[in-house]
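Walk through this fold sheet by sheet. Start with the rules for naming its parts, then follow the strands and the helices packed on them.

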Amino acid sequence: MRVLFTVWPATAHLYPVVPLAWALQSAGHEVCVASHPALAPTITSVGLTAVSPADERLLPPPTGAGKPFSPEAWQALEDVTRTLAVEPADHDLWRFQRDYMLPAIRDFHPVDATAGTPQPWLDGLVEFCRSWRPDLVLWDPTMPSSAVAARTVGAAHARFLWGLDHFAWSVDRFTARRNEPGDGPAVEEPLIASVRPMAERYGLEPDDELLFGQWTVDPMPAPMRLPTTRRTVPMRWVPYTGPDTLPDWLWARPERPRVALTLGASMRAFRKDSESLVGDLLETVAGLDAEVVATFDATQLTGIERLPGNVRTVDYVPLAALLPTCTAAIHHGGYGTLCAVAAAGLPQVVAMDGDEVMEGPISGRFLTDSGAGLTLRREELSVAGMREQLERVLNEPSFRKNAAAVHADMLAAPGPTEIIPALERLTASLGGAKK
């Protein structure tokens, strides 16, 4: 069968699909990946065929959360926040969706469009699907136009998650509130509002299938998943963290414990890391009886006059190559990094500063609740306090034991190759007649 992946243009969205795309290719299926033209070189660098359905000149730059909401859109989101009545414990789940996932959708799907408004990304994707005629479309949850394109050609389609299912969680909450006695919500649920213009352009209603796919491939660790009633195909997260040449210092096992320190490619690309956090983390690890490998580039090291003697900095090294040599990891809490560290069976520390923390609070809460790690908030802890917490994770056996349990949970899910028969059956049963 022909399988089309669609991804938002960032490596954090591309890399999670690579193992399944490779598995499908190895099983004899045709695979290609559609995204913004800016991501095409990265797609081809991982051995996959890239498709750019729309001219780059017609598309906005992929800024995600860097694209501000209009005052009217922000007021509508404030109304949704009140409607959802989110409990304090769940505030971070809604905030990540509101501040990061919805802006990513609106990069390429203008929320103020009408059925008659040209939508370059959507229209180009539909045109490509009509020509290439995929049997299955596996789509990024921030690229729901993929469901519209699949429906127009009668292809089966499913979401491929790269994190928690924030959209299903919030729509379920919104629906439950709507069904409560009283007047119900006065505003439209934001995912539905985002999908409506693209659906109506092709004579469709923004139904549940266009919002969530005919099913969902979910590679997240089972204990971390949000509850959902949607049809799900679980898959084990297989870390792929990019191609590179293995440096010679990684050839042999380290002589003393090694700790990975990274603040993530997405934060580096779309946000400016806190200089204070970088400085305090380097001061925190100074003097530890451990070798620390920090994936910091020159911009992140601005203002750092002297590196601790036990710290090695590198602009980039694939985490999949680094982590097997480590005993723990310190990171920003990105879902991809969390899963890569968990797949290596390591305890981990999520380090944050201020409000620009993306999914960090969610990951940190999971690690704390599972006993597989801790959270460090720079504004709440001194350097001495941060070092004390880090030393706990490095030295207390319970963290290694609980990290091993999270790893075992991940191993219980089928790998990419193992789910291919299920994808083939679902495609055969749910795909419509090619139009």
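Helices (H or I, at least four residues) and strands (E, at least two) are DSSP runs, numbered from the N terminus. The expected span of a helix is 1.5 Å times one less than its number of residues. This is a predicted model: local features need pLDDT of at least 70, side-chain atom pairs count only at pLDDT 80 or more, and totals for chains, interfaces and linings use all residues. Residues are numbered from 1 along each chain as its sequence is written, and side-chain values use heavy atoms, without hydrogens and water.

Take the 7-stranded sheet. It is open and parallel, in the order β3-β2-β1-β4-β5-β6-β7. Strands pair if DSSP finds at least two bridges between them. β3 (50-51) and β7 (232-234) are the edge strands, each pairing on one side only. Between β6 (residues 215-218) and β7 there are 3 bridges. V217 sits opposite V233 in β7.

Now the 6-stranded sheet. It too is open, with parallel pairing, ordered β10-β9-β8-β11-β12-β13. β10 (311-313) and β13 each have a single partner strand, so one side of each lacks a neighbour in the sheet. Inside, 4 bridges join β8 to β9 (residues 291-294). A260 stands opposite V293 in β9. Helix α16 packs on this sheet, touching β8, β11, β12 and β13 (contact: heavy atoms within 4.5 Å).

Look closer at α16 (residues 383-395). Its 13 residues reach 18 Å from first C-alpha to last, close to the 18 Å expected. Its buried residues (under 20% relative accessible area, 1.4 Å probe, protein chains only) include M386, L390 and V393. Among the elements covering them are α12 (275-285) and α17 (397-411).

Notes: Buried < 20%, exposed > 50% of the residue type's maximum accessible area, 1.4 Å probe, protein only. Axes fitted to C-alpha atoms, helices over the stretch in contact; angles between N-to-C directions.
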